[in-house]
Amino acid sequence: MTRAIYPGSFDPATYGHLDIIKRAAALFDEVIVGVLNNSVKSPLFSVEERVNILENITGDIPNVKIQAFGGLSVNFAKNCEAKVIIRGLRAITDFEYELQMAQTNRILSTDVDTMFLTTSLQYAYLSSTTVKEAASFGADISKFVPDYVVRQVEAKLSGMNHRK
Ligand code: ADP
């Protein structure tokens with residue numbers, strides 16, 4: 001059984017992430033999407049909400065599982081008994097950081113490899129950050145994220161506005 005993990009913040013998941021998940025699911029017997037519980041970043045969605053969103057939008061892909069994790073991706077990979085870490089590459093700006101991470105991880109754990117999937121062209125510009133920014137100014141984000149995510153982002157932002 002070949003198993004890969006796909007770690008990230010997914011705050012929130014976009015069509016770009018979903019595309020990588022689908023393509024990875026076609027390559028591996030099982031893909032575990034790892035949702036990073038990162039105390040340094042202050043995400044829009046809690047880790048439970050991000051897991052719920054991913055479960056919802058990947059519900060039709062049988063060999064994909066969603067799990068929250070903290071700490072190092074290589075340790076998460078080992079705990080999942082996965083030998084591969086999937087990462088998506090968009091532009092050259094992603095490359096430098098990703099190469100550094102992959103090389104660091106390779107030294108931390110020689111039996112886990114990083115595999116890069118290049119973004120599909122139609123999602124090359126897409127990031128969770130720009131989606132959140134556009135939504136905060138009232139833009140229609142339905143071209144960037146699945147309908148379920150549109151509703152979650154709208155609900156979250158309107159809840160935040162009410163609290164102001
Ligand atoms: P990070 O882990 O840096 O917080 P994200 O959660 O935004 O990043 O993304 C997780 C992974 O998905 C990363 O490998 C990132 O490069 C990749 N990714 C993000 N957006 C896209 C996209 N539009 N197309 C392909 N891959 C993407």
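The legends below describe close-up views of a predicted model with a bound ligand.

**View 1. Residues around the ligand.** The ligand is surrounded by 17 residues. Tyr6, Ser9, Phe10, Gly88 and Tyr123 are the closest of these. Sorted by class, the shell around the ligand holds 6 nonpolar, 6 polar and 5 charged residues.

**View 2. Backbone contacts of the ligand.** Two oxygen contacts and one nitrogen contact are described here. At Phe10, a backbone N or O atom lies 2.9 Å from an oxygen atom of the ligand. At Gly88, a polar backbone atom is 2.6 Å from an oxygen atom of the ligand. At Leu126, a polar backbone atom is 3.0 Å from a nitrogen atom of the ligand. The ligand taken alone exposes 550 Å², and the protein buries 89% of that area.

**View 3. The ligand in its pocket.** The ligand takes up the space of the largest pocket. Four elements each give two or more residues to the shell around the ligand: strand S1 (3-8), helix H1 (15-27), strand S4 (84-89) and helix H4 (92-108).

**View 4. The lining of the largest pocket.** The volume of the largest pocket is about 1100 Å³. A total of 44 residues line this pocket, and Gly8, Ser9, Lys41, Arg87 and Glu98 are the closest to its centre. Two or more lining residues come from each of S1, H1, S4, H4 and helix H5 (128-136). H4 provides the largest share, with 9 residues. By class, the lining consists of 16 nonpolar, 19 polar and 9 charged residues. Ser9 is among the residues closest to the ligand and also among those closest to the pocket centre.

**View 5. The loop between S1 and H1.** Phe10 is located in the loop between S1 and H1, and Pro12 has its place in the loop between S1 and H1 as well. Most residues other than glycine have a negative phi, and most peptide bonds are trans. Phe10 is not a glycine, yet its phi is positive, at about 50°. The peptide bond from Asp11 to Pro12 is cis, and its omega is near -5°. Phe10 is also one of the residues closest to the ligand, and its backbone makes the 2.9 Å approach to a ligand oxygen atom shown in the second view.

Conventions
Residues numbered from 1 in each chain as written. Predicted model: local features only at pLDDT ≥ 70, side-chain atom pairs only at ≥ 80, totals over all residues. Heavy atoms only, no water. Near = heavy atom within 4 Å. Polar contact = N/O pair within 3.5 Å; in protein donor to acceptor, adjacent residues only side chain to side chain. Areas by Shrake-Rupley, 256 points an atom, 1.4 Å probe, with all protein chains shown as cover. 1 Å grid on protein atoms, 1.4 Å probe; cavity = no way out; pocket = protein on both sides within 12 Å on 5 of 7 lines; lining within 4 Å. Sits in = over half its atoms within 2 Å of the grid points. Nonpolar A, V, L, I, M, F, W, Y, C, P; charged D, E, K, R; others polar. Points joined across faces, edges and corners; volume = space filled by probe spheres on them.
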